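Biologist: I have a structure in front of me and want to learn how to read it. Where do I start?

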Amino acid sequence: MSAEATNSVTPGPMPGAVSGPVTPTAPRRKARPRIDLRRLGRAALLGPAARDRLPDAISHVVDAHRAHHPDADLEPLRRAYVLAESSHRGQMRKSGEPYITHPLAVTLILAELGAETTTLTASLLHDTVEDTDVTLDQVRDQFGEEVRYLVDGVTKLEKVDYGAAAEPETFRKMLVATGNDVRVMSIKLADRLHNMRTLGVMRPEKQERIAKVTRDVLIPLAERLGVQALKTELEDLVFAILHPEEYAHTRELIVRNAARSDDPLAEVADEMRTVLREADIPAEVLIRPRHFVSVHRVSRKRGRLRGSDFGRLLVLVNEDADCYGVLGELHTCMTPVVSEFKDFIAVPKFNLYQSLHTAVAREDGQVVEVLIRTHQMHKVAEAGVVALGNPYAPAPDDPADGERVDPTRPGWLSRLLDWQEAAPDPDHFWSTLREDLAQDREITVFRTDGGTLGLPEGATCVDAAYAQYGEDAHACIGARVNGRLATLSTVLRDGDTVQLLMGQDPASEPSREWLEHAHTPAARIAIQRWLAAHPAQAEAQRTDAQDAQDRAAHRSAAGVPDPDAAAEQPAARPAAGNVLTDRPGAAVRLARCCTPVPPDEIAGFAVRGGAVTVHRAECAAVARMRDGGRAEVGVRWGEATECRVTLVAESFVRPHLLADLTEAMALEGAEIVSATVEPPTQQQVRHTYTVELPDAAQLPALMRAMRNVAGVYDVSRAQPQPQPQGG
C-alpha cells in the first residue's frame, strides 16, 4: 500500500498541536471544522450512496471545491469516489482506519488549494491502480485520458520489478509525466503531505528515511512549483522528525511569545489600517505568523527574538496599482527600512510568486516585515500551479487542435527533463536530482538572438553553452558576456547577455577542466559522457592536468614561474593530425604554451597515458623535460599544412577595435579558437588569439592583415617564456 501511516500518532508535538495565536500558519479564509477521518471511514464502510446524489463522505471535499469553482460539474467526483471506495474496501491503514480516508484527505488538501475537478477526480483514484485491481484502461474508459494520465503519473513502480531502483525510477517517471502535466506533481505533493501528517505509526528509521526524501526532493519541488501552503507545512513536519530538539525549542519560543500581553504586529497592523483608510485605499491587513522552520531560521540569524520576529504583515488589495499605492503610503507615513524593499511584481520569481516586500521600523527599534499583493497574487503565492486550474483548457477563441502546451512549464523543469534522459543509472539520477533541487534561485540571461536561458544561480558560460546547444556545446571556444570576451568559467548574473562562440571543427572536444566550472547537471552529464566515450583523449587531458599540478608544486617549492602557463588556459585542444611520430597510433598533443606550426622545429616527449606532447624546439619546457629525464620521441611535420597558432596583438584603445580585428582575421580564413583581452593600461591593450589556419603558409598574410587594422601597432607569435635561473 502506498499510504501506510496512521492519523493517531505523531512524532512528539507536531505543528498543529499549537493552538490559538501561536499557530504557525494563518488560515486563508474562514477556518472549517477539523475533519474526523475516523467518522469518514465509518461512512465509507456503509458503501456507495444512491446514484442520484453525492456520497456523504465527500461532502467536505465538495464544499471546498465549490468555494473555488461554484459551477463545477460534480458527477466525476461522485463516480470517482464510488470506484475508489469499492476498490479499496477491506483495505485498512496501519492505524486501523479504512484506506479510503487517505485519498479523501489528499483530495481535500487539493480542493482547499483550488484544484479543478479533473485533478480532484484523479486524486480520489490515485492509489487504485497501484493497490487494487483497477487498471489504467478502466480509468480511461470511465473518466477519460486526462484522468488516466494523472493517475498513471503518480503510480509507483513495483519493487518486485525494479528492486532498489524503484524509488528513483518512480520519481523519474513522475517528473517526466509532470513535464507534460504539472497536475501530476500537485497530486504527489498532497499525497506526501497527508502521509507526513500521519507518519507517527512507522518505525523511527522509516520516518527518518521518508522525511529525508521529503526534505531533499518534495519540498524543493513544492517551492519551485510555488505551492507555498504545502511547502511550509512539509518543512515543519520534516523539522519535527529530523530535528526534534530544535523543534521543541522553537515551539517553546512560539508559545512564550503568544503569552505576551503586547503584540507589536497587531499594533502596527492597526496603524496601517488607519493609514490606508485615510488614503482611501481598500485593503485587508492580516498578521501572518511565521511557521516553525521560519522562526527557527530567524532565531539562528538574529539570536534573541522580539515580538515582531514571529510574523509578518500581509496587505491584500484588489488591483496591481493599489500595491504601489499602499507602498507609497506606508513609506510616507511610517519609517521604511529601504534596504528591505523588493519588487516581485515587476519581476516575478521563477515559481510564479508576485508580491512587494518592504519593512517598517517602530520607535522601539523593532522591524516589521510587510508583504503587499493582490488577492489573486495571494492565491497563486499560496497554491502556485494548483491555483492556475487546468492549464491545458483551450481559450474560447483558440479551439483545441490536439496540441498540449503547458504555460506553467518553467525553465528548471525543462532542464531537469533534458538531463535526466542522459543520467546513466538510477543512482546517478537520484544523487544528481537532489543536487539540482538544492539550487534555490534561478537567473535569466539573454541570448543575442533575443531568446533567453533560465539557469540556476551560480551558472557559468559552460552551463549556458550546454543549455543552448546541448552536446554541440563541445565545440564552444569562448563567450562574450555583455559584449566583452569572457572565459567559459565566468559566472553569469541575472540579466547578463551572453553570446557563445562556437568552433567549426566537428571533432571538437570538451575540456576536463570544464567539469570544474559546470554548475548544471545537463552540462556535467554531457561532459562526463564525452570523457567516458573517449578514454584516450580523457587520459591525455588527465595527464596534462597532472603535469600542471606537478609544475605548480615545483614552482611553489622553488619559486619558479611556469613556462607552460598558457598551456593550461581553457581552450579547445590543438589539432595535431599533421604531426608524425616514431610511435604510430599514439595520441599527439600540440603544446599550448608555444603552439608549434609548420615549419617550426619541434621536439616530442612521452607523457603518461602513452600520449606524445609536441613543443617548439626553443620552448623552455623542452629543456626542463630533458633535464627531468622525460623520454624524447621523434616527431616531424606531415604533409598536411593546416595549423593552430597563438598570436599576440598590441594596440591602442579605441571603439570597435575588437570587432575590426576579428573581422580582419576572419577575412584571412582564420578561425578563432580562443581569445583573451587584458585590461587596458595607459590607453594600450594586449590581445591574445589562438587561431586555426587551413594552410600554415597563410600565417604571414594573417599577421599583416592584423597589423593593418587601425590602432594595432604590433602582432607577433606568442613566445615561450625563458626559465629563470637560480633560486
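Modeller: We will go through confidence, a sheet, a helix, ring pairs and cysteines in turn.

Biologist: What is the average pLDDT of the protein?

Modeller: Start with the kind of model. This one is predicted. Its average pLDDT is 79, and 80% of the residues score at least 70. Over residues 551-574 the value is below 50, yet this stretch has 50 contacts in the model beyond near neighbours in sequence. Residues 721-727 also stay under 50, with 9 contacts beyond four places in sequence.

Biologist: Now the sheet. In what order do the 4 strands of the open sheet stand?

Modeller: Read a sheet by its strand order, then by its pairings. Here the order is β13-β15-β14-β16, and the pairing is mixed. β13 and β16 stand at the edges; each has a single partner strand, so one side of each is left without a neighbour in the sheet.

Biologist: Which strands pair with β15, and in which sense, parallel or antiparallel?

Modeller: Take the two partners one by one. Strand β13, residues 588-590, pairs with β15 in the parallel sense over 3 bridges. In that pairing, Arg589 has Thr613 of β15 as its bridge partner. Strand β14, residues 602-606, runs antiparallel to β15, and 5 bridges join them. There, Gly604 is matched with Val614 of β15.

Biologist: Are the residues of β15 buried or exposed?

Modeller: Check each face of the strand. β15 covers residues 612-616, and 5 of its 5 residues are buried. One side carries Val612, Val614 and Arg616, the other Thr613 and His615, and both faces are covered.

Biologist: How do I check a helix? What span should the 13 residues of α4 have?

Modeller: Compare the expected span with the distance between the ends. Helix α4 runs over residues 101-113 and, at 1.5 Å a residue, should span 18 Å; its end C-alpha atoms are 19 Å apart, which agrees. For burial, 13 of its 13 residues are buried. Just after α4 comes Gly114, with a positive phi near 100 degrees.

Biologist: Which residues is Asp216 in contact with, leaving aside its neighbours within four places in sequence?

Modeller: Look first at where it sits. Asp216 lies in helix α12, residues 204-224. Its relative accessibility is 18%, so Asp216 counts as buried, the cut-off being under 20%. Its contacts, with those neighbours left aside, are Arg434 and Leu437.

Biologist: And aromatic rings? How many aromatic pairs does a search of the whole structure find?

Modeller: A ring pair is described by the distance of the centres and the angle of the planes. The search finds 4 pairs. In one of them, Tyr247 and Phe292 have ring centres 5.0 Å apart and planes at 25 degrees, so the pair is stacked. Tyr247 is in helix α14 and Phe292 in helix α16, 45 residues apart. Tyr247 is buried at 2% relative accessible area, and Phe292 is buried at 0%. Another pair is Tyr466 and Trp514: centres 6.4 Å apart, planes at 75 degrees, so edge-to-face. Tyr466 belongs to helix α21 and Trp514 to helix α22, 48 residues apart. Both Tyr466 and Trp514 are buried.

Biologist: Which residues do ring pairs link into a cluster?

Modeller: Phe239, Tyr247 and Phe292.

Biologist: Last, cysteines. How many disulfides does the structure hold?

Modeller: A disulfide is a covalent bond between the sulfur atoms of two cysteines. This structure holds 0. Take Cys461: the nearest cysteine sulfur, that of Cys476, is 7.8 Å away. Cys461 is buried at 0% relative accessibility, and Cys323 is buried at 0% too.

Technical notes:
Residues are numbered from 1 along each chain as its sequence is written. This is a predicted model: local features need pLDDT of at least 70, side-chain atom pairs count only at pLDDT 80 or more; totals for chains, interfaces and linings use all residues. Side-chain values use heavy atoms; hydrogens and water are left out. Buried means under 20% relative accessible area, exposed over 50%, partly exposed in between (1.4 Å probe, protein chains only). Helices (H or I, at least four residues) and strands (E, at least two) are DSSP runs, numbered from the N terminus. Two strands pair if DSSP finds at least two bridges between them. The expected span of a helix is 1.5 Å times one less than its number of residues. Contact means heavy atoms within 4.5 Å. pLDDT is the predictor's confidence in each residue, from 0 to 100. A disulfide is a pair of cysteine sulfur atoms within 2.5 Å. Rings of Phe, Tyr and Trp (its six-membered ring) pair if their centres lie within 6.5 Å; planes under 30 degrees apart count as stacked, over 60 as edge-to-face and the rest as tilted.
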